[in-house]
Amino acid sequence: MVALGCFLFFLVSFCSFSPSSFALSDVEAASIVRRQLLGDNGELPNTFEYVMTINKTFTNARLKKAYVALQAWKKAIYSDPTNFTANWEGTNVCAYNGVFCDCALDDPNISVVAGIDLNHADIAGHLPVELGLLADVSLIHINSNRFCGIIPKSIKNLTLLDEIDFSNNRFMGPFPNVVLELPKLKYLDLRYNNFEGQVPSALFEKNLDAIFINNNRFHSTIPESLGNSNASVVVLANNKFYGCIPNSIGKMGTLDELVLINNDLSGCLPEEITKLTSLTVLDISGNKFVGSLPKDLKSMEKVEVFDIASNKFMGNVPKNLCTLPNLANLTFSKNYFESIDQTCTPSHSNDLDINGNENCLAGRSDQKTENECFPVVSNPIDCSKGHYGFGHEGQSLKNPPTKSPLTPKQPPPKQVKTPSKPKPPPNPVASPPPPVASPPPPPPPVHSPPPPVASSSPLVHSPPPPAPIASPPPPTFEVALPPTLGSLYASPPPPIFQGY
């Protein structure tokens, strides 16, 4: 307890040294993480609530625990410019701003803290280990603040927690596996933070309805367990996911929206994706997908938004895509399509918003040049043979080919045969082998394609997302709500506790 007391003393001192500042530097945020990890690592001792002697009277023991948790949380706040927590004083915790009480589920005769909602309060601080004392809470909404550090492991004690919205803050570290230990969790929103590393396969084994982990720094393949998810909305956009979409995706019968914008995903689009007959939004723009589109797209009758822009798809834009009965927005720009069914042209689709510029369609002025198209379309990729995508360093993830399928196949240059020089490697990729004479200066660097951009058309019933960014900018005093990716979940529902 002495060590714990020292840790809390230094942490409170650190968070209190600049109460007038409105920003949190990266150094300060990293220091909070180190202090948390060197302290108790987020675990809550079993007898923690009895450590402090509180000479106050409470209606019941659960409200006393809530008081300890909320007072610890207030001390972990070092900037509250709107004085949102100014009334977090006294024993009447049910009157605190953002705190909601209701009758306990197991005892309707007592009142307990059932929910916390601090959305848009612009509060800076961290989450204390004492949050584990809020065992009756069913939701915690703290989006659009400046909380940092890690998610304490003590949160696993909140066995009634149904909704977590920690979006638009400055949390960091690996994926917080502790949230997957919550038995009743349905809504998980971690977007717009600084989480990084691998995404655990257990995320998609969890019985979640909504998964928002976009705009972080996750660097991972999408686990094969994706197909085991019961989620209706999955948003993984603006991270660094690589490899292919798992074939197991065809098992996601409840999936309504899938948003994978701006990652490093590659390979062919699996034919199994056409089994998602409940899907209304598919946005995989800004990746490195190749090959032709799946054949049985006509089975996706509920699709309203189909955005595959900024990839390397080729072949034909088929009629069975453009005639889907509910399709309202079709974007296939910045690919390498060579032909298009007449039903996919604006003149034949008055009710369909179509964007197909920068492809390889003959007779249109808004297309790529022949020099841009030829290296790709002259080497079509046969998706029927399987194409498993590439890892973050370019290596094949399965059955590595001798040459990257993403590299255009060039005609072999005429070789100058000399007995004194070794035979050059077959099928050179970067440039022809050097001549007999002294090698010329290296060619200028090959510029990469323009960075992928988010869908130019908005998702149905939601505002358009902003231009993609490599990582979330440091929050400023003026906090803005993250753009919605997933139209069914424009914002978490307000606190409602009937039968929570």
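Buried, as the word is used here, means under 20% relative accessible area, exposed means over 50%, and partly exposed covers what lies in between. With that scale in hand, Cys344 can be placed at once, because a relative accessibility of 1% makes this residue count as buried. The structure above is a predicted model, and the paragraphs that follow go from its sheet to an annotated segment and then to its cysteines.

Six strands make up an open sheet, and their order across it is β1-β4-β6-β8-β10-β12, with mixed pairing. The edges of this sheet are taken by β1 (77-79) and β12 (217-218), each of which has a single partner strand, so one side of each is left without a neighbour in the sheet. Within the sheet, strand β4 (residues 124-126) runs parallel to strand β6 (residues 146-149), and three bridges join the two. One of the residues involved is Ala124, whose bridge partner in β6 is Arg146.

An annotation can be set beside this picture: in an unreviewed entry, UniProt lists residues 69-102 as "domain: Leucine-rich repeat-containing N-terminal plant-type". In the model, that span is 21% helix and 21% strand, and the C-alpha atoms at its ends lie 17 Å apart.

The cysteines offer another way through the chain. A disulfide is a covalent bond between the sulfur atoms of two cysteines. Counting as a disulfide any pair of cysteine sulfur atoms within 2.5 Å, the model has four disulfides. When the bonded cysteines are numbered in sequence order, the pairing reads 1-2, 3-8, 4-5, 6-7.

Cys94 and Cys101 form one of these disulfides, with their sulfur atoms 2.0 Å apart. The torsion about the S-S bond of Cys94 and Cys101 is about -95°, so this disulfide is left-handed. Both cysteines fall in the middle class of accessibility: Cys94 counts as partly exposed because its relative accessibility is 28%, and Cys101 is partly exposed with a relative accessible area of 24%.

Where does the disulfide of Cys322 and Cys344 sit in the chain? Cys322 belongs to helix α4 (residues 319-322), while Cys344 is found in the loop between β22 (336-340) and β23 (353-355), so that the pair, 22 residues apart, links distant parts of the chain. The sulfur atoms of Cys322 and Cys344 are 1.6 Å apart, and with 105° about the S-S bond their link is right-handed. Cys322 has a relative accessible area of 8% and is therefore buried, and Cys344, as noted at the start, is buried at 1%.

A further disulfide joins Cys360 and Cys373, whose sulfur atoms lie 2.1 Å apart, and this link is left-handed, with -100° about the S-S bond. Cys360 lies in the loop between β23 and α5 (370-377), whereas Cys373 lies in helix α5 itself, so the pair ties together parts that are 13 residues apart in sequence. Cys360 is buried because its relative accessible area is 14%, and Cys373 is buried with a relative accessible area of 8%.

Two other cysteines complete this walk. Cys148 counts as buried, since its relative accessibility is 0%. Cys244 is in no disulfide, and the nearest cysteine sulfur, which belongs to Cys268, is 7.3 Å away. Cys244 nevertheless counts as buried, at 16% relative accessibility.

Methods: Residues numbered from 1 in each chain as written. Predicted model: local features only at pLDDT ≥ 70, side-chain atom pairs only at ≥ 80, totals over all residues. Heavy atoms only, no water. Pairing = 2+ DSSP bridges. Helix = DSSP H or I, 4+ residues; strand = E, 2+ residues; numbered from the N terminus. UniProt positions renumbered as here; feature names shortened; annotations may be inferred. Buried < 20%, exposed > 50% of the residue type's maximum accessible area, 1.4 Å probe, protein only.
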